[in-house]
Structure formats: structure tokens, C-alpha cells
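Me: I can follow a term when I see it set against its cut-off. Please take me through this model in that way.

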Amino acid sequence: MKSQIKTTFSNFFFEYETPRQVLVKNKRVAVVCRIIQMGVLAYIIGWVFMYEKGYQVVDTAIGSIFTKMKGVSFTNISKKERIWDVADYVFPEQGDSSFVVMTNYIVTVGQKQGKCAELPDGKNKCNSDADCDEGKYKRMGNGHMTGRCMNETSTCEIYSWCPVEDDRKIPDPPVLLTAENYTLFIKNSITFRQFNVVRSNLVESVNQSYINTCLYHPKTDPLCPIFRLGDIVERSGLNFSEIARVGGAIGVLIDWDCNLDLSIRHCKPKYEFYGLYGTGKNGDKEEKPSLGYNFRYAKYYVEDAVEKRTLMKVFGVRIDIIVHGRAGKFDIIPTLTAIGSGVGIFGVATVVCDMLLLYLVPKRDFYKNMKFKHTQILEEE
């Protein structure tokens, strides 16, 4: 018993087993095997290593955005001249990555709290006081109803900021159509923590003298961080005159795709522009509901001891700046993993060729006898 156990352990530790191989001279099967192997090799080299860079460890970026608008517009409405600068048309003013540039507006001057008739826009009609529930508020209304139906307008009397805003007619052409000539400066910094790399879109070739004169163009000035608002809208696939009238949203993507096996100077940003939503008219037979983008804000003041406000319904271009960063660098672990998975895929050729030999070729029975060795254990009497 002891010698049997010793022999078993000796065979386990000091003997090597190798699978039996059969050399098959069959041109068709050999060609199929080589085609599959070449395909697998092309996939490993071309896709895994060259395109996907499977030999690299990858890190994503943490980014920050600073923005600054510049530009001036002049308006002369009802013989009232006014200059609009960045403090007037950018919301919010902190230079965030998401902001709105006003291009059109509807203004209601001198509003004060009190009682007045609801706007006769067809949404809040009344025929008698019974149609105006006192103390109630209609979803499409502008204030709390007092219970009276105003005969002059056939609308309910409300307690609200009076006079009520009339936004039924949007100015056309837009009041600030010259906004297309505004310029946007974007300063972006990213960090790849895993590689301890910090980069800015103000790369080595972008100095102060270049910034003072450049304007972004995808071919001639792809690294210039200054963008014309009209160009941003047009490159996103939208029409500036229409989006300036009713508003819309633009996405600016700053894409960093860095190969840190090369010099850090090759790590540069690429800018892309997308129309997130606009007028909804392009290619559509019917207009979509709730077109454009708008919001309201008010400037409050006191006149003769009465609180008043100037209400503005703002239409504008909402810009959302998005940063996407990815960096890769050589590492032995993903390299060995990619090689190992590639070697495993080579086994596909063996499986396919075995199926051809054992089940499809005319001499499949002969190949079965060559590949498998059958033994029969005689029962002990």
C-alpha cells in the first residue's frame, strides 16, 4: 500500500503528459485553418493592440471649465437707445460650464402687485363670475382669481403682478441678432490622476499673442480657445437666426484622447459641437410643441414707496460644455492579458477544423479512428 501511494505521488510530480496529435494532410482543411488563424492574428494585432491599444492601462480625466463671453450689441426700440454688454446678456455671470446668452426678449415694464384682467389669449375665457372661482389658480393663468369676470376682456380678474405679461408675439427679427458676433473664451484644465498628468487647452503653441488674434476654425486654427457664437451654432447644425428668435441649446464637447507613450505635447484637445435642441423645424412637416428655450427674470425697484419690477422673458442660446478625457500608457499586465486572450482565441481554428474532419469530409470515419484510441476493459472473473 505504501509503495503504491509513493508511486502515485512520483508519477504526479515527475511525469509530464502531452496530448496526442495527428498530422492530417488535407489541403482544404489546412487552408480553412490558416485563414482562421490569420483572421485571429489580424484581430489581435489590428484591433486589440493598434486600435484599442490593449497593451495600455487607461485613466479618465477630471476636468474644470472657465468661460468668458465678450461682445456688445446696440438696440434702438421705440426711439430708446441702449447698449447691451456681457453683464446684461449672460446668465449666470460666474463663467460656468453651462450658461445662457440672451438673443431675444419680451419686456414688461412697471409691474406692481394688484388686481387686473387676465391676458385675453383664449386660454382663460369667462362668461360670468361663476367661471372664475375666487381664490383658485388656473394652470394656464397668471395669478389668483378674485371671482369677477371682466366684461371688457371676457377674462377673469386676478391678483397678480400687473399689467400681465403679453408674450404672444415674439420679436422677429430677434432684438439681439448681432449676438452671432459675440466671442466665447474657454479655458479647460484636466488631470489624469493615475499618471500624475495635468494639461490645459492652452497648450504649448497657444501663447498670449496668438490668443489675441486667433479665432477657432477646425482646419486652420483647431487649438484656438476663442469661438464665435454664430460659428458654434452653425457647426452644431442649427440656424442662428431661428435659434436666436426662440432660443435653443448647444453642446460643446472638449475631447482629450491622449497616448502617454508619446510626448506629452501630443496630448491636445479636439472640439465638437452638437445641437441638443432647437426649433424642431428642420426636416419636420409639422412644428413640435414647446420649441426653443426661454426663461424669465425680473429687476425689482421701489417707486413712490411701491415695489415694482421689470419682467423679461429671455430667449437665448444655452451652451453646455462637456469634457471627455481618456489617457492610456503601456503596462505589462494588460499586455499579458491581451496576449493570453489572443492565444486562447487561436483555439477556434482547431475546433472548426476538427468539426470538418470528424463530421463533414468523406473520410470522417478514418479520421475518427486516427484521433481517438478506443480501449475495452475486460471484466475480472
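Me: How many bridges join strand 7 to strand 8, and in which sense do they run?

Reply: This is a predicted model, in which local features need pLDDT of at least 70, side-chain atom pairs count only at 80 or more, and totals for chains, interfaces and linings use all residues. Residues are numbered from 1 along each chain as its sequence is written, and side-chain values use heavy atoms, with hydrogens and water left out. In the model, 4 bridges join strand 7 (residues 144–150) to strand 8, and the two run antiparallel. Two strands pair if DSSP finds at least two bridges between them, so these two count as paired. Within this pair, M150 stands opposite T155 in strand 8. The two strands form a hairpin with 4 residues between them, and S154 in the turn has a positive phi of about 55°.

Me: What makes strand 6 and strand 8 a pair?

Reply: Strand 6 and strand 8 are joined over 6 bridges in the antiparallel sense. K112 stands opposite C162 in strand 8. The names come from DSSP runs numbered from the N terminus (helices are H or I and at least four residues, strands are E and at least two).

Me: How do you know that strand 8 is mostly covered?

Reply: In strand 8, 7 of its 8 residues are buried. Buried means under 20% relative accessible area, with exposed over 50% and partly exposed in between (1.4 Å probe, protein chains only).

Me: Why does K79 count as exposed?

Reply: K79 has 81% relative accessibility, so K79 counts as exposed. The residue lies in the loop between strand 3 and strand 4. K79 is not a glycine, yet its phi is positive, at about 65°.

Me: What sets a positive phi apart in a residue other than glycine?

Reply: Most residues other than glycine have a negative phi. A305 is another case here, with a positive phi near 65°. A305 sits in the loop between strand 14 (294–303) and strand 15. Its relative accessible area is 77%, so A305 is exposed.

Me: Which form does the peptide bond from F91 to P92 take, cis or trans?

Reply: That bond is cis, with omega near -15°. P92 is in the loop between strand 5 (90–91) and strand 6. The bond from C162 to P163 is also cis, with omega near -5°. P163 belongs to the loop between strand 8 (155–162) and strand 9 (183–192). Most peptide bonds are trans.

Me: Why is one empty space called a cavity and another a pocket?

Reply: On a 1 Å grid over the protein atoms alone, a cavity is a set of points where a 1.4 Å probe fits but cannot get out, while a pocket is an open set with protein on both sides within 12 Å along at least five of seven lines; lining residues have an atom within 4 Å of a point. Searching the whole structure gives 1 cavity of 30 Å³ or more. The largest cavity has a volume of about 40 Å³, where volume is the space filled by probe spheres set on points joined across faces, edges and corners. Its lining consists of E118, N124, K138, G141, G143, M145, C156 and I158.

Me: How do you know which class a lining residue belongs to?

Reply: Ala, Val, Leu, Ile, Met, Phe, Trp, Tyr, Cys and Pro count as nonpolar, Asp, Glu, Lys and Arg as charged, and the others, Gly among them, as polar. For the largest cavity this gives 3 nonpolar, 3 polar and 2 charged residues.

Me: How much space lies in the largest pocket, and which residues lie nearest its centre?

Reply: The largest pocket holds about 700 Å³ of space. Its lining has 20 residues, of which V22, L23, V24, D354 and L357 lie nearest the centre. Helix 2 (27–51), helix 8 (347–360) and helix 9 are the elements that give two or more residues to this lining. By class the lining divides into 12 nonpolar, 4 polar and 4 charged residues.

Me: Which element gives the most to the lining of the second largest pocket?

Reply: Strand 6 does, with 4 residues. The second largest pocket has about 440 Å³ of space. Of its 16 lining residues, K80, R82, Y105, V107 and V109 are closest to the centre.

Me: Where in the protein chain is confidence lowest, and where is it highest?

Reply: Confidence is pLDDT, given by the predictor for each residue from 0 to 100. Its mean is lowest in helix 9 (residues 364–371), at 72, and highest in strand 11 (residues 226–228), at 96. The mean for the protein chain is 86, and 92% of its residues reach 70 or more.
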